[in-house]
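Let's take a walk through this protein together, going from its exposure to its strands, charges and rings. Please have the model open as you read.

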Amino acid sequence: MWDRYGKRMAQIVKPGGLLAGFFFFGDTPRGPPFGIGKERLDALLVPNFERVADREVHDSIAVFEGKERWQEWRRG
């Protein structure tokens, strides 16, 4: 469903708008949580968005610890 996610975010976020949230990076074919690779996320979002913030999360719950990042993406 990742492809659908990338396309849908491009549809609903207006140009200049922000897509912001916690992204879980990991190889988890079964979930939840459903992880994604950084390269895969870039492939989905970079055609329509520019990453403007990428911060480590220090207070994640155990299942997300060390794999969660706060990111903000600006719609082109």
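Before we start, one cut-off will help: a residue is called buried under 20% relative accessible area, exposed over 50%, and partly exposed in between. Keep in mind, too, that this is a predicted model. With that cut-off in hand, look at Asp54: its relative accessible area is 36%, so Asp54 is partly exposed.

Asp54 is also a good place to begin with the charges. Its side chain meets that of Arg69 in a salt bridge, at 2.6 Å from N to O. Because Arg69 belongs to strand β3 and Asp54 to strand β2, this contact ties together parts that lie 15 residues apart in sequence.

The two strands are also paired with each other: β2 and β3 are antiparallel, with 7 bridges between them. Within this pairing, Arg55 faces Trp70 of β3 as its opposite residue. Strand β3 has a further partner in β1, which runs antiparallel to β3 and is joined to it by 7 bridges. Here Phe24 is found opposite Glu68 in β3. As a reminder for reading such strands, side chains in a regular strand alternate between the two faces of the sheet.

Back to the charges. How many salt bridges are there by this rule? The count comes to 4, and the Arg69 and Asp54 contact is one we have already met. Another joins Asp3 and Arg40, whose side chains meet at 2.8 Å, N to O. This pair links distant parts of the chain, with Asp3 in helix α1 and Arg40 in helix α2 (residues 38-45), 37 residues apart. Asp3 has 42% relative accessibility and so counts as partly exposed; Arg40, at 34%, counts as partly exposed as well. A further salt bridge is formed by Arg51 with Asp42, where the closest N and O atoms are 2.9 Å apart. Arg51 is partly exposed at 32% relative accessibility, and Asp42 is partly exposed at 24%.

Now for the rings. A pair of aromatic rings is described by the distance of the centres and the angle of the planes. Searching the whole structure turns up 3 aromatic pairs. In one of them, Trp2 and Tyr5 have ring centres 5.9 Å apart and planes at 90 degrees, so the pair is edge-to-face. Why are these two residues separated by about one helical turn? Because Trp2 and Tyr5 are 3 residues apart in helix α1 (residues 2-12). Trp2 is partly exposed, with 30% relative accessibility, and Tyr5 is partly exposed at 25%.

Phe24 and Phe64 make another edge-to-face pair, with 5.2 Å from centre to centre and 75 degrees between the planes. This one links distant parts of the chain: Phe24 sits in strand β1 (residues 18-24), while Phe64 lies in the loop between β2 (49-56) and β3 (68-75), 40 residues away. Is Phe24 buried or exposed? Phe24 has a relative accessible area of 10%, so it is buried. Its partner Phe64, at 22% relative accessibility, counts as partly exposed.

Finally, charges and rings come together. Lys38 lies over the face of Phe25, at 5.6 Å from the ring centre. Likewise, Arg75 is placed over the face of Phe49, at 6.0 Å from the centre of that ring.

Terms used: Residues numbered from 1 in each chain as written. Predicted model: local features only at pLDDT ≥ 70, side-chain atom pairs only at ≥ 80, totals over all residues. Heavy atoms only, no water. Phe/Tyr/Trp six-rings, centres within 6.5 Å; stacked < 30°, edge-to-face > 60°. Helix = DSSP H or I, 4+ residues; strand = E, 2+ residues; numbered from the N terminus. Buried < 20%, exposed > 50% of the residue type's maximum accessible area, 1.4 Å probe, protein only. Lys NZ or Arg CZ within 6 Å of the ring centre and 35° of its normal. Pairing = 2+ DSSP bridges.
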